[in-house]
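Have the coordinates open in a viewer and follow along. The tour starts inside and works outward through helices, sheet and turns.

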Amino acid sequence: MSEPRLSNLALYLQRLGFDAPPAPTLETLNQLQFRHTGAFAFENLSTLSGEPVRIDLPSIEQKILHEDRGGYCYELNRLYLALLQELGFDARGISGRVVMGQPEGAWTARTHRLSLVNLDDVRYITDVGFGGMVPTAPLLLDTPAEQLTPHEPYRIEQHEDGYTLRANVGGEWRAMYIFDLQRQEEIDYTVGNWYVSTHPESSFARQLMVARTGEGWRRTLNNGSFAIHRIGSESERRQVAGVDELVGLLKSEFGIRMPEHEPLKRVLERLMVAT
C-alpha cells in the first residue's frame, strides 16, 4: 500500500516560508525543523475537549493547515514526515518513551512519535512535536558529542536498549526521551495516541500544554501559567486571569484559533483555578 500524500503541499510550504519545494538537503532539513516549531504550536486542546484525536493524514492537514490549530507528536510529526517524504527525503517514523521530569533510569510507556532521516548515509533524528523542549534542529544520531541548536545544546547517548536524548538545561544534562529504531506501523501510533488522548492517568487528558519556539525564545502555557523563556536570560512568567484572556493568548502568542466548544471552556476554567 502506498503512503498517503499531502493534499496541499503548496499551502504547507507557504506556511513555512517556501515559495517552491526545496531540495532534500541538510540545510533544508535544518530550515524545516526550525520553521515548523515556530509556525505550528504544540497543543492538546483536543484531548481536553474529550473529542477523538484523529491522526490520519487528511484529518491532521485539515486541523493544522486549515483550522489554525496545532497538535501534539502524533499529529505534528505525522504531518512533518509526510512533508519530508514528499520533498524526497529518506525518512521514516520511529517512537520513544518520554522521561523528561522523571527520575533518572525511569522507563515509561512508548508514547512519543519522531522521525529518522538518512542523508548521504548519515543518520539524523528530527522532531517537531516535543512541546516546550522540542529540539529546533535535526540531531546526528551516531555521535555522543554535544550538538548545538538555535536553542539548547543536545546530545544523544547510545545504550543497550537504544538511545537517550538529553538537553542541557541550566547546566544540567537532563533526559528528554528514550527511543530506538524499531519499525513502526500506523497501528503502533494508533495505540499510543489512544493511550495519550484517553487514559485517565495521561497528562494530556489532565492539563493544558501549549508551546511554540522562535528566534531566541520559547513560549509555554501550562494550565494558567504563561512563560517566555529567552535564551541566556531569566524567564518571564505570569498567571492568566481567565478563559477570555487565555483564548486571546492562544491566538496572539501561539497562533491557535480555539474552537467554539463550551465543554472545553469549562474544562479550561477548572484547570486555571487549580493552577
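A search of this predicted model as a whole turns up 2 cavities of 30 Å³ or more. The largest has a volume of about 50 Å³. Which residues line the largest cavity? They are T37, F40, A41, F42, V128, G131, V134, A211 and R212. Two names in that lining, T37 and R212, lead on to the next stop.

T37 is one of the buried residues of helix α2. The others are T28, L29, L32, Q33, H36 and G38. Against what do these buried residues pack? Their partners are two helices, α1 (9-15) and α5 (73-87), and three strands, β3 (110-119), β4 (122-126) and β9 (209-214).

Now take G38. This glycine sits in α2, which covers residues 26-39. Is G38 buried or exposed? Its relative accessible area is 18%. The cut-off for buried is under 20%, so G38 counts as buried. Leaving aside residues up to four places away in sequence, G38 touches R212 and T213. R212 also belongs to the lining of the largest cavity. For a sense of scale, look across to P103. It lies 65 residues from G38 along the chain, and the two C-alpha atoms are separated by 30 Å.

Check the length of α2 next. The helix has 14 residues, and at 1.5 Å a residue it should span 20 Å. The C-alpha atoms at its ends are 20 Å apart, so expectation and model agree.

Helix α5, one of the packing partners of α2, can be checked in the same way. Its 15 residues should span 21 Å at 1.5 Å each. The end C-alpha atoms are 20 Å apart, which agrees. How many residues of α5 are buried? The count is 13 of 15, and the helix is mostly covered. Just after α5 comes G88, with a positive phi of about 100°.

Turn to the sheet that contains β9. Here 5 strands form an open sheet, in the order β1-β9-β10-β11-β12, with antiparallel pairing. At the edges stand β1 (42-43) and β12 (236-239). Each has a single partner strand, so one side of each is left without a neighbour in the sheet. At the β1 edge, β1 and β9 pair over 2 bridges in the antiparallel sense. E43 has V210 of β9 as its bridge partner.

Another set of strands runs through β6, β7 and β8. Start with β7, residues 162-169. Of its 8 residues, 7 are buried, so the strand is largely enclosed by the rest of the structure. On one hand, β7 pairs with β6 (residues 154-159), antiparallel, over 6 bridges. These two strands form a hairpin with 2 residues between them. On the other hand, β7 pairs with β8 (residues 172-180), again antiparallel, over 7 bridges. That hairpin also has 2 residues between its strands, and G170 takes a positive phi near 60° there. A167 is a useful marker in β7. It stands opposite Y154, and it also stands opposite R174 in β8.

Backbone angles make the last stop. Most residues other than glycine have a negative phi. Two residues here go the other way. D121 is not a glycine, yet its phi is positive, at about 65°. N223 is likewise a residue other than glycine, and its phi is near 55°.

Where do they sit? D121 is in the loop between β3 and β4. N223 is in the loop between β10 (217-222) and β11 (225-230). Their surroundings contrast. D121 has a relative accessibility of 72% and counts as exposed. N223 has 15% and counts as buried. The side chain of N223 reaches the backbone nitrogen of L208 at 2.8 Å.

Conventions:
Residues are numbered from 1 along each chain as its sequence is written. This is a predicted model: local features need pLDDT of at least 70, side-chain atom pairs count only at pLDDT 80 or more; totals for chains, interfaces and linings use all residues. Side-chain values use heavy atoms; hydrogens and water are left out. Helices (H or I, at least four residues) and strands (E, at least two) are DSSP runs, numbered from the N terminus. Buried means under 20% relative accessible area, exposed over 50%, partly exposed in between (1.4 Å probe, protein chains only). Contact means heavy atoms within 4.5 Å. The expected span of a helix is 1.5 Å times one less than its number of residues. Two strands pair if DSSP finds at least two bridges between them. A polar contact is a pair of N or O atoms within 3.5 Å; within protein, one must be able to donate a hydrogen and the other to accept it, and residues adjacent in sequence count only if both atoms are side-chain atoms. On a 1 Å grid over the protein atoms alone, a cavity is a set of points where a 1.4 Å probe fits but cannot get out, and a pocket is an open set with protein on both sides within 12 Å along at least five of seven lines; lining residues have an atom within 4 Å of a point. Grid points are joined across faces, edges and corners, and a volume is the space filled by probe spheres set on the points.
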